[in-house]
Structures are given as structure tokens and as C-alpha cells.
Amino acid sequence: MSLRQRCMRIAHRPAVRIGLHLAIGTIFLWLFLRQVNLGHAISAAAHAAILPLAIALLVYAVDFLLRAFRFWMLLQQASAQRLPWRAVPGPFIASFGISDLLPLRAGDVFRLLWFQRQMELRPSIVLGSMMIERFLDLFALLLLAVAIFGWHLGDAWLLSLGLLALLGAGTGALILVGTRLSGRADDMRWRWLAGLVAALGCFRLLRSPRLFCNLTGISLVCWLLEAVVLLAAWISLGGVISQWIAPMAAFIASTLGTLFPGLPGHFGTFELFGLETFSRMGVAPDFAAAVLLLAHMILWAPTALFAILWLMLSRSGKAAK
């Protein structure tokens with residue numbers, strides 16, 4: 001066995017991957033903490049106004065119901081069958097909570113297995129729907145990033161145009177790949193490769209302009225609703241609503257930062273990238289840290305608690321049967 005093969009084999013071991021994620025996440029968290037006075041930030045967050053945070057929780061609930069609806073749409077389109085809506089929101093939201101509590105995005109594995117078994121769907125259908133979901137999330141988030149970038153730095157319209165062109169090219173490439181690969185899975189020798197090809201084939205659904213626009217619109221609304229959480233934290237701590245551009249830019253940067261490997265719940269990555277954006281816009285570090293920590297708790301705690309309660313109730317329900 002060559003040295004490269006040994007390194008690849010080690011890298012695929014769960015313990016090694018978990019260790020790498022924890023190490024990288026700890027570094028991000030340390031980089032954040034060294035720039036702020038954590039005691040001052042926590043003290044400021046403890047005096048937040050309640051009403052904006054209550055509105056943030058309500059908006060966040062609507063956001064997740066809309067995300068569940070989008071996933072339900074994708075499953076129905078990919079499987080070409082009607083599926084019960086009532087069975088979707090619970091495990092869908094729980095999957096995010098599981099990823100917030102456990103490393104290596106364990107919630108994605110849970111969601112793949114649950115919808116495959118409980119709704120009797122092929123793994124490639126569920127995986128393909130999740131891949132489209134993640135693509136739409138990134139696409140919509142980058143669209144917002146380009147809009148905010150163009151708003152805040154109006155003289156950089158050429159770069160904004162270039163980013164939009166790049167996004168368009170990436171969309172076209174994925175649709176083309178999905179169209180070419182659909183129907184070829186049966187010809188694959190290896191089962192895992194056949195499943196991956198079938199999942200990529202789901203991107204052919206985006207050939208429909210109406211469906212693509214509907215899904216993109218839903219994705220944009222979801223991110224805007226989620227951005228309200230950080231804006232609410234900003235207002236609850238005395239931030240001026242007329243300066244909404246700062247929390248909006250910080251939200252986009254923080255969310256894009258969670259693409260990096262890190263700790264469960266994205267603690268550290270979320271705060272560091274948001275702090276850097278706030279700093280560039282002239283916001284005091286301790287105030288920015290208080291806003292980010294408060295918003296992060298609102299984004300993390302509800303799904304984590306929901307996952308625990310849903311799993312407990314699901315297990316007790318099965319035991320009763």
C-alpha cells in the first residue's frame with residue numbers, strides 16, 4: 001500500500017475526521033475569543049430587550065416550516081409521487097438539531113435514513129433532494145451577498161456582475177450534468193457510484209424555469225427570515241435599525257463561514273466571520289460579539305431542543321405500539 005493510500009485511508013476514519021473538525025473549530029473559536037472581552041459581551045447580551053427576540057423566535061419557526069415545505073416539494077418532484085406533508089416537518093427540523101449537537105453533520109445521515117425508510121423512497125431520491133436543497137441555499141445566499149456587496153460598495157459593480165455570471169454558469173453546469181446523468185445509474189458497476197449518479201440526476205428538475213424560480217424564491221425568503229434573527233439581536237441590544245446593512249452583511253458572512261469544518265453547532269466559525277465583517281463596518285468588537293452570540297443562541301437552541309424532544313417522543317411512541 002502506497003503512502004497516499006494510507007493517508008487517504010486514515011483521513012476517512014470517523015475518529016480522525018472528528019478530531020480534525022474539532023481542532024479546526026477550536027482554532028476558529030480561539031481566534032474569535034482573543035479579539036473580544038467575553039465577559040462584557042455576555043453581560044451586554046443578558047440585558048437584551050425581550051420583544052425583538054420573541055419576534056425573532058416566531059420568524060425562525062416560520063423559516064423552518066418554509067424550509068421543510070421546500071424539501072417536501074423536492075421529494076415529490078424527484079420521486080414523482082404525492083407524499084404526506086404532515087410527516088415532513090418533524091424529522092426535517094430534528095435533523096438540523098442533531099447536526100447542531102453531534103459532529104460530522106450527523107443530522108444529514110439521520111435525514112437520509114429516516115425519509116428513505118419511513119416514506120419508502122430510494123436513497124438517491126432523498127440524497128438528490130438534499131443536494132439540490134444545499135445548492136439552492138448557497139445560490140440564494142450568494143445572491144444576497146452580491147446584492148449587499150453592490151449596495152455597500154456601489155463602485156464595484158463589475159465584480160458583482162462577475163459573481164452573478166459565475167453563479168449562472170454554475171447553475172447551468174449542474175442542470176446539464178443532472179440531465180446527462182439521469183438514467184445512467186443502472187449502467188454503473190459499483191452500487192455507491194450508481195446511487196451518486198442517480199442523486200446528481202435529480203438536478204434535471206431545475207430545467208423547469210417555473211420550478212427553479214419558485215425554489216429560488218423560497219430560498220431567498222428563508223435566508224431573509226433567518227437574517228431577521230440577527231437583526232432582532234442587533235435591535236434588542238440597542239442597535240439602530242437604520243444601520244441594518246451591518247447585521248445583514250454580518251449574517252451573510254457568518255453563514256458562509258459555517259461552510260468550514262468546525263465544532264458542532266458551528267460555534268466559533270459563525271462568530272469569527274461575523275465579527276470580522278462587523279469590524280470592517282466600524283462596529284465595536286464587544287458589541288458585535290454580544291449580537292453574534294445572542295443571535296447564535298436563538299439559531300441553535302430551538303432546533304437542538306426540538307431534536308431532543310422529537311427523538312424522545314418518537315421513541316416513546318414506538319415503545320407504546
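**Exercise 1. Find the handedness with which H10 passes H11, and work out how the two helices are oriented.**

Let's start with the crossing itself: H10 goes past H11 in a right-handed crossing. Keep in mind that this is a predicted model.

Next, the geometry. Two packed helices are described by the angle between their axes and the distance between the axes. Helix H10 covers residues 209–236 and helix H11 covers residues 245–257; they pack at about 120 degrees, and their axes are 9 Å apart. That angle makes H10 oblique to H11, because 65 to 115 degrees is the range that counts as roughly perpendicular.

**Exercise 2. Do the same for H4 and H5: what angle do their axes make, and what is the crossing called?**

Step one: helix H4 spans residues 50–79, and helix H5 runs over residues 89–101. Their axes come within 9 Å and cross at roughly 110 degrees.

Step two: H4 and H5 are therefore roughly perpendicular to each other.

Step three: the crossing of this pair, H4 and H5, is right-handed.

**Exercise 3. Step back and describe the whole chain: how many helices and strands are there?**

Count the elements and you get 13 helices and 0 strands. Reading along the sequence, you meet α-α-α-α-α-α-α-α-α-α-α-α-α. As for burial, 44% of the 321 residues count as buried.

**Exercise 4. Trace the salt bridges between H4 and H7, and say whether the partners are buried or exposed.**

First, the background. Side chains of opposite charge can pair when their charged atoms come close. In this structure there are 9 salt bridges.

Now take Asp137 and Arg67, whose side chains meet in a salt bridge at 3.1 Å, N to O. Asp137 sits in helix H7 (residues 123–152) and Arg67 in helix H4, so this pair links distant parts of the chain, 70 residues apart. Is each one buried or exposed? Buried means under 20% relative accessible area. Asp137 has 10% relative accessibility, so Asp137 counts as buried. Arg67 is buried too, at 4%.

The second bridge is Arg70 with Glu133, at 4.0 Å, N to O. Here Arg70 belongs to H4 and Glu133 to H7, with their positions 63 residues apart in the chain. Both Arg70 and Glu133 are buried.

**Exercise 5. Glu133 has another partner, Arg111. Where does that bridge lead?**

Arg111 and Glu133 meet through their side chains at 3.0 Å, N to O. Arg111 lies in helix H6 (residues 106–118) and Glu133 in H7, 22 residues apart, and this pair also links distant parts of the chain. Arg111 counts as buried, with 0% relative accessibility, and Glu133 is buried as well, with a relative accessible area of 0%. Following shared partners, salt bridges join Asp63, Arg67, Arg70, Arg105, Asp108, Arg111, Glu133, Arg134, Asp137 and Glu226 into one network.

**Exercise 6. Look at the surface: which residues form the nonpolar patch, and which helix gives the most to it?**

Begin with the members: Leu101, Leu102, Leu305, Ile308, Leu309, Met312 and Leu313, which together have about 690 Å² of accessible area. Helix H13 (residues 285–320) gives the most, with 5 residues.

Then check one member, Leu101, which is found in H5. Leu101 has a relative accessible area of 36%, so it is partly exposed. That fits the cut-off for a patch, since its residues need over 30% relative accessible area.

Note on methods: Residues are numbered from 1 along each chain as its sequence is written. This is a predicted model: local features need pLDDT of at least 70, side-chain atom pairs count only at pLDDT 80 or more; totals for chains, interfaces and linings use all residues. Side-chain values use heavy atoms; hydrogens and water are left out. Patches are made of residues with over 30% relative accessible area and no salt bridge: like charges are joined within 9 Å, nonpolar side chains (Val, Leu, Ile, Met, Phe, Trp, Tyr) within 5 Å. Accessible areas come from the Shrake-Rupley method with a 1.4 Å probe; for residues, only the protein chains shown count as cover. Helices (H or I, at least four residues) and strands (E, at least two) are DSSP runs, numbered from the N terminus. Buried means under 20% relative accessible area, exposed over 50%, partly exposed in between (1.4 Å probe, protein chains only). Axes are lines fitted to C-alpha atoms, for helices over the stretch in contact, and angles run from 0 to 180 degrees between N-to-C directions. Angles under 35 degrees count as roughly parallel, over 145 as roughly antiparallel, 65 to 115 as roughly perpendicular and the rest as oblique. A crossing is left-handed if the near helix is turned anticlockwise from the far one by less than a right angle, and right-handed if clockwise.
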